[in-house]
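Reader: Hi, I have a structure to look at and I'm new to this. Can we go through it together?

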Amino acid sequence: MAFIHDDFMLHSDVSKRLYHEYAEALPIIDYHCHLNPEEIATDRQYQNITELTLEGDHYKWRLMRAAGVEEDYITGGADPQEKFKKWAEVVPLLIGNPLYHWTHLELKRYFGIDALLSGETADEIYRHCNQVISQKKYSARSLITQSGAEVVCTTDDPSDALTAHQTLSCGFSVKVLPTFRPDKAILIDRDTFLPYMESIGVSSYTELKKYMLKRLDYFHEHGCRLADHGMDGGIPFARGDAEAVFKRAFSGEAISTQEADLYKTEMNLFFASEYARRGWTLQLHIGALRNTNSAMEKSVGKDAGFDSIDDVSVARPLARFLDTLEADNMLPKTILYNLHPKDNYTLASMAGNFQKSPWKTKVQFGSAWWFNDQRDGMEAQMRTLANFGILPYFVGMLTDSRSFLSFVRHEYFRRILCNLLGTWVTNGEYPSDYDRLGQMVKNICYLNAKQYFGF
């Protein structure tokens with residue numbers, strides 16, 4: 001039997017029925033990813049499997065470094081086939097790691113390969129994949145449509161002209177929509193802040209807010225309905241004179257952590273209120289400790305796989321942030337993602353404090369994110385949500401990826417979801433009501449996201 005078979009990861013008759021009858025054929029709504037919209041607009045044609053599997057994928061880069069692979073084969077200029085072979089040599093070591101499953105799902109779904117990837121099979125698989133890429137003219141758009149995607153939301157800076165999205169709006173069957181990501185305007189204590197202000201032509205706090213209002217309207221006109229804030233550590237909460245802090249930072253003065261938190265708080269509140277006015281959804285990604293290896297950052301750049309989980313306290317400032325917005329009736333639909341598993345119960349219980357009709361779970365406990373998007377993490381997130389809220393209203397999975405092959409993560413999630421539900425039924429903890437269970441599966445995998453985001 002092939003390793004990736006029809007009932008892969010489905011361990012009961014109930015889970016098999018739920019997956020094959022209700023989940024398997026559903027379209028994909030990938031409401032948060034980091035695919036390059038320019039590559040979709042130009043319909044980039046890929047030349048080899050290395051470009052598709054290793055380019056920009058810091059999940060794989062981290063594992064290759066852990067296996068002792070030299071950086072030249074990871075982010076350097078080594079031959080593409082040699083890079084692929086180095087990755088192939090690592091894959092058999094990945095027992096218990098989701099990359100083992102994802103890798104073979106990618107090979108199976110896009111290239112029809114049942115052979116297991118290893119150093120011994122690398123050259124043959126490399127040749128076969130490249131032949132398929134050439135014959136089928138695999139491109140960014142063809143991979144998206146082949147994956148069954150209906151909506152893809154990219155991650156975009158407020159200053160982006162959205163030219164790629166304009167091209168795609170009239171020339172591609174899949175909706176490719178922008179997501180507003182204003183981190184560079186919020187994270188005042190990063191070295192990117194002043195260069196960013198210069199790049200957008202802003203020299204005052206008032207100018208910044210006026211600029212952002214115009215950009216919010218522009219994004220809305222181009223189909224944007226989501227925003228994403230990537231907060232370093234936890235979300236801060238400190239009130240005060242943000243304009244004074246901006247002036248000091250803009251003049252080159254050093255600002256304290258308290259002053260930075262004050263500015264971030266006011267900007268987060270400003271943006272969240274504007275999202276509420278437009279009916280958008282705010283995504284808060286909480287708990288990342290980024291670019292920790294300064295030597296490697298100098299060598300290969302930022303966001304290259306040297307991030308980890310932060311362990312800050314998140315509950316009190318997050319509660320004050322959400323409460324401040326709710327008190328003014330300006331809390332948008334919000335999804336809370338945590339990177340530290342210790343915060344599962346914190347965020348799931350926090351979401352329950354701010355539910356409001358007519359929405360069905362207006363504030364969502366978001367899907368297992370980054371270091372958590374593996375089987376244990378996904379199950380823990382869904383078990384926590386089931387314990388604290390209403391699992392059938394969950395808006396489901398996303399790829400959060402730069403790879404055009406990563407849509408298989410939706411299949412991976414759907415199999416895990418169906419297996420979890422099947423386990424509860426098999427254990428006698430929920431009745432085998434397939435009409436109700438099947439609707440739950442369809443809602444979580446597809447329909448909830450479509451309704452919640454208004455696509």
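Author: Sure. One definition to start: Ala, Val, Leu, Ile, Met, Phe, Trp, Tyr, Cys and Pro count as nonpolar, Asp, Glu, Lys and Arg as charged, and the others, Gly among them, as polar. Also keep in mind that this is a predicted model.

Reader: Got it. How many cavities of 30 Å³ or more are there?

Author: Three. The largest cavity has a volume of about 60 Å³.

Reader: What lines the largest cavity?

Author: Gly 56, Asp 57, His 58 and Tyr 59 are among the lining residues. Asp 400, Ser 401, Arg 402, Ser 403 and Arg 409 line the largest cavity too.

Reader: And how does that lining split by class?

Author: One residue is nonpolar, four are polar and four are charged. Tyr 59 is in the lining, and Tyr counts as nonpolar.

Reader: OK, pockets now. What volume does the largest pocket have?

Author: About 1,100 Å³. Its lining has 35 residues.

Reader: Which ones lie nearest its centre?

Author: Arg 181, Arg 190, Arg 290, Asp 303 and Arg 402. You have met Arg 402 already, in the lining of the largest cavity.

Reader: Which class split does the largest pocket have?

Author: Its lining has 17 charged residues, ten polar and eight nonpolar.

Reader: Which helices and strands each supply at least two residues of that lining?

Author: Helix 4 (58-66), helix 10 (183-186), strand 4 (226-232) and strand 5 (281-289). Strand 5 gives the most, with three residues.

Reader: What about the second largest pocket, what's its volume?

Author: About 330 Å³. Its lining has 16 residues, and Lys 360, Tyr 393, Asn 448, Gln 451 and Tyr 452 lie nearest the centre.

Reader: Where does the largest share of that lining come from?

Author: Helix 20, residues 434-453, with eight residues. By class, the lining of the second largest pocket has eight nonpolar, five polar and three charged residues.

Reader: New topic: sheets. In what order do the three strands of the open sheet come?

Author: The order is 1-2-3, and the pairing is parallel. Strand 1 (28-30) and strand 3 (175-177) are the edges, each pairing on one side only. From one strand to the next, the twist averages 5 degrees.

Reader: How many bridges join strand 2 to strand 3?

Author: Three. Strand 2 covers residues 149-153.

Reader: And what stands opposite Val 152?

Author: Val 176, in strand 3.

How values were computed. Residues are numbered from 1 along each chain as its sequence is written. This is a predicted model: local features need pLDDT of at least 70, side-chain atom pairs count only at pLDDT 80 or more; totals for chains, interfaces and linings use all residues. Side-chain values use heavy atoms; hydrogens and water are left out. Two strands pair if DSSP finds at least two bridges between them. Helices (H or I, at least four residues) and strands (E, at least two) are DSSP runs, numbered from the N terminus. Axes are lines fitted to C-alpha atoms, for helices over the stretch in contact, and angles run from 0 to 180 degrees between N-to-C directions. On a 1 Å grid over the protein atoms alone, a cavity is a set of points where a 1.4 Å probe fits but cannot get out, and a pocket is an open set with protein on both sides within 12 Å along at least five of seven lines; lining residues have an atom within 4 Å of a point. Grid points are joined across faces, edges and corners, and a volume is the space filled by probe spheres set on the points.
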